[in-house]
Amino acid sequence: MPKEATQKTSKRTDRGRNSKPKKDASAPKRGLSAYMFFSQEMRQQVKDENPEAGFGQIGKLLGAKWKKMSEEEKKPYNEKAEADKKRYEDEKAAAGQ
């Protein structure tokens with residue numbers, strides 16, 4: 001005796017493809033970390049020093065440089081990060097979020 005056809009549902013289709021609310025395009029961008037300011041500034045120098053390195057390898061080299069730096073050397077990047085964090089908080093408060 002043949003089985004009756006049943007409709008299968010999966011979790012993926014039950015939730016729908018776009019179940020997460022979309023991000024607000026006008027929302028302020030998050031503040032960058034000190035490391036991100038450092039990597040933006042140093043990426044080209046590291047690429048020039050290591051032309052054969054790929055994207056992942058450059059990231060590893062940047063991370064190693066960052067780890068070797070003293071707190072005094074990191075200070076300008078930490079100050080930039082603090083200023084960017086303040087900018088984000090101000091924009092967030094102005095937007096009423």
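This passage describes the helices, the core and selected residues of a predicted model.

The protein chain holds 4 helices and 0 strands. Read from the N terminus, its elements follow the order α-α-α-α. The chain has 97 residues, of which 19% count as buried. Contacts between residues at least 6 apart in sequence were also examined. Of these, 66% join residues at least 24 apart.

The largest nonpolar core contains 12 residues. Its members are Ala 34, Phe 37, Phe 38, Met 42, Val 46, Ala 53, Ile 58, Leu 62, Trp 66, Met 69, Tyr 77 and Ala 81. Three elements give two or more residues each to this core: α2 (34–49), α3 (55–68) and α4 (71–95). The largest share comes from α2, with 5 residues. Tyr 77 belongs to this core. Residues up to four places away in sequence aside, Tyr 77 touches Ala 34, Phe 37, Phe 38, Glu 41, Trp 66 and Met 69. Of these partners, Glu 41 lies in α2, while Trp 66 lies in α3.

Helix packing comes next. Two packed helices are described by the angle between their axes and by the distance between those axes. For α2 and α3, the angle is about 120° and the axes are 9 Å apart. Helix α2 is therefore oblique to α3. The crossing of α2 past α3 is right-handed. On the α2 side, the residues that meet α3 are Ala 34, Tyr 35, Phe 38, Ser 39, Met 42, Arg 43, Gln 45, Val 46, Lys 47 and Glu 49. Their counterparts in α3 are Phe 55, Ile 58, Gly 59, Leu 61, Leu 62, Gly 63, Lys 65 and Trp 66.

Ser 39 is one of the α2 residues in this interface. It is found in helix α2. Ser 39 has a relative accessibility of 3%, so it counts as buried. Ile 58 is 19 residues away from Ser 39 in sequence. Their C-alpha atoms are 9.7 Å apart in space.

Helix α2 also packs on α4. The axes of α2 and α4 come within 7 Å and cross at roughly 120°. This crossing is right-handed. Ala 34, Phe 37, Phe 38 and Glu 41 form the α2 side of the contact. They meet Tyr 77, Asn 78, Lys 80, Ala 81 and Asp 84 in α4. Ala 34 and Phe 38 thus recur, because α2 uses them to meet α3 and also uses them to meet α4.Several residues of α4 were examined singly. Ala 81 has its place in helix α4. Its relative accessibility is 13%, so Ala 81 counts as buried. Ala 81 is also a member of the largest nonpolar core. Beyond residues up to four places away in sequence, Ala 81 touches Leu 32, Ser 33, Ala 34 and Phe 37. Ser 33 is 48 residues from Ala 81 along the sequence. In space, the two are 5.2 Å apart, C-alpha to C-alpha.

Asp 84 lies in helix α4. With 14% relative accessibility, Asp 84 counts as buried. A polar atom of the Asp 84 side chain lies 2.7 Å from the backbone nitrogen of Leu 32. Leaving aside neighbours within four places in sequence, Asp 84 is in contact with Arg 30, Gly 31, Leu 32 and Phe 37. Leu 32 and Phe 37 are among the residues that Ala 81 touches.

Glu 79 is found in helix α4. Its relative accessible area is 47%, so Glu 79 is partly exposed. The C-alpha atoms of Glu 79 and Ala 34 are separated by 7.8 Å. The two residues are 45 apart along the chain. Ala 34 is a member of the largest nonpolar core.

Technical notes. Residues are numbered from 1 along each chain as its sequence is written. This is a predicted model: local features need pLDDT of at least 70, side-chain atom pairs count only at pLDDT 80 or more; totals for chains, interfaces and linings use all residues. Side-chain values use heavy atoms; hydrogens and water are left out. A nonpolar core is a set of buried Ala, Val, Leu, Ile, Met, Phe, Trp, Tyr and Cys residues joined through side-chain atoms within 4.5 Å. Buried means under 20% relative accessible area, exposed over 50%, partly exposed in between (1.4 Å probe, protein chains only). Contact means heavy atoms within 4.5 Å. A polar contact is a pair of N or O atoms within 3.5 Å; within protein, one must be able to donate a hydrogen and the other to accept it, and residues adjacent in sequence count only if both atoms are side-chain atoms. Axes are lines fitted to C-alpha atoms, for helices over the stretch in contact, and angles run from 0 to 180 degrees between N-to-C directions. Angles under 35 degrees count as roughly parallel, over 145 as roughly antiparallel, 65 to 115 as roughly perpendicular and the rest as oblique. A crossing is left-handed if the near helix is turned anticlockwise from the far one by less than a right angle, and right-handed if clockwise.
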